[in-house]
Amino acid sequence: MSKTMANCVRHYSFLTIFAILVSSLFPFTKPLNNVFSIDLIHRDSPNSPFYDPSLSFTQRMNNSFHRSFHRSISLCLPSSSVVVASNNGEYLMRYSIGTPPVHTLGVADTGSDLTWTQCLPCKNCFKQQSRIFNPKKSSTYKPLHCSSKMCHAANFPTSCNRMKKKTCRYHVRYGDNSYSIGDLATETIRFGSSIHKQVKLKKTVIGCGHNNAGTFSGDKESGIVGLGGGKFSLISQMGSSIGGKFSYCLAPFFYQQKTYIPKSKIHFGTDGFVPGDEVVTTPLTRKFPATYYYLTLEGVSVGKQRLDFRNVSFSYGEGNIIIDSGTVLTLFSPEIYVKLESMVKSAIKLPTIADPSGSLNLCYKSISIDKIPIITMHFIGADLKLSPWNTFVETSDSSMCFAFAASYGGQIFGNIAQMNFLVGYDLKNKRVSFKPTDCSK
């Protein structure tokens, strides 16, 4: 990571003047009735259109590590920048849009709010294998007017397109300089749930992208499914119809299988509730930008040795880490990571080797699982014990590396650390819960 990005980690103060408008802006204010689950397709799974059998496991892992570092950069941009995380997420969702429905595939992103898809006519669009959505052929498509409250409530730039009957135009820019420009509209979105029941979400605010470019992942997907915490995200728009609850269970991957287990799930409504005696729960912190889900991490333990963040003022404070399903690694500020790596080295007491992928700092040759210490994340009110598979990753057939890294971007609790936990978000009560779960079942 470039040192020019040093000092860009900063704590955002909560700043939003539109929160009281949410209930009046969006249509999902009916009693809870949307209870459903959907498959999450890992981008490197054989079920993914991005799957490239010619790549080795090491190459896939190396690519995912680089995506993590790129994604973290956007999280440390100044609060005056209207930018969301990188579009290159790790999981995909299938859905359809419009009436009659057009089937599409989007990147499921807890670091983005607006759900958008490429639309005809295309002024500038990236190549797409599936049929591009034509809003003129949908009976449920309705563009937002410039004067609408929703147009003015966006946390991304909007303007008035006077050439198109004063429709509300949006402009979303990503941390890697990719972008989407188009019209805000309401439309019907449909999901096929895991129990074969189709879920229909009417009058959902979406982006119809007519000018889209950047580092989108080839020609396989058509846009973004926004699962962030902002007002325009799919989660917020469903609101009370899902009781403000959703959860996901990310299946682990192992080198011996040469691929990812394609059984991860995301659950909405009461399906998103996390019950049981082993559940630990920590508060969600509201900060700017509201897109991200912020937790407060008080420290990290390696075995019985604890690193207390309250003694490292640079990394301590309310909402000092973002939980994100789209980032692979767990990332800390350099001063925290150096101390943590030293603690892990002291606990393992074995010779280290260079990472074959060239991405990670702390690696060992053929280390047995029983040599890896238990690492505990001390969130407020929740001591989350991570298994060795949450903290180390096989980067070749003869190496295992520490799946944490230093970043000059924002601190992120990544998806390797979340695997084999049922992670539940209760936005109504502002909390996140974790329960050890076999997510491959």
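## Helix H5

In this predicted model, helix H5 covers residues 334–348. How far should its 15 residues span? At 1.5 Å a residue, the expected span is 21 Å. The end C-alpha atoms of H5 are 21 Å apart, so the model agrees with the expectation.

Several residues of H5 are buried: Ile336, Tyr337, Leu340, Glu341, Met343, Val344 and Ile348. They cover an arc of only 160 degrees around the axis, so they lie on the same side of H5. After H5 comes lysine 349. Its phi is positive, near 55 degrees.

## Two nonpolar cores

In soluble globular proteins, nonpolar side chains tend to be buried together. Here, the largest nonpolar core has 69 residues. Which of them touch the most other members? They are Ile323, Phe332, Met377 and Phe413. H5 gives the most to this core, with 6 residues.

A second, separate core has 21 residues. Among them are Ile41, Leu92, Leu114 and Met150.

Now take methionine 377 from the largest core. Leaving aside residues up to four places away in sequence, methionine 377 touches Leu297, Gly299, Val300, Phe332, Ala382, Asp383, Leu384, Leu386, Phe404 and Phe413. Two of these, Phe332 and Phe413, are also named with Met377 as touching the most other core members.

## An open sheet

Strands of a sheet pair through backbone hydrogen bonds, either parallel or antiparallel. One open sheet in this model has 4 strands, in the order E18-E17-E22-E23. Its pairing is antiparallel. Which strands form the edges? They are E18 (305–308) and E23 (382–386), and each pairs on one side only. On average, neighbouring strands of this sheet are turned by 20 degrees against each other, direction ignored.

Look next at E17 and E22. Strand E17 holds residues 297–302, and strand E22 holds residues 375–379. The two run antiparallel and are joined by 5 bridges. One residue pair shows the link: leucine 297 has phenylalanine 379 of E22 as its bridge partner. Leucine 297 is also one of the residues that methionine 377 touches.

## Lysine 231

Where is lysine 231 found? It sits in the loop between strand E10 (223–226) and helix H4 (234–238). Is lysine 231 buried or exposed? Its relative accessible area is 13%. Buried means under 20%, so lysine 231 counts as buried.

Lysine 231 and leucine 114 are 117 residues apart along the chain. Their C-alpha atoms are separated by 8.8 Å. Leucine 114 belongs to the second core.

Notes. Residues are numbered from 1 along each chain as its sequence is written. This is a predicted model: local features need pLDDT of at least 70, side-chain atom pairs count only at pLDDT 80 or more; totals for chains, interfaces and linings use all residues. Side-chain values use heavy atoms; hydrogens and water are left out. Buried means under 20% relative accessible area, exposed over 50%, partly exposed in between (1.4 Å probe, protein chains only). The expected span of a helix is 1.5 Å times one less than its number of residues. The arc is that of the directions from the helix axis to the C-beta atoms. A nonpolar core is a set of buried Ala, Val, Leu, Ile, Met, Phe, Trp, Tyr and Cys residues joined through side-chain atoms within 4.5 Å. Contact means heavy atoms within 4.5 Å. Two strands pair if DSSP finds at least two bridges between them. Axes are lines fitted to C-alpha atoms, for helices over the stretch in contact, and angles run from 0 to 180 degrees between N-to-C directions.
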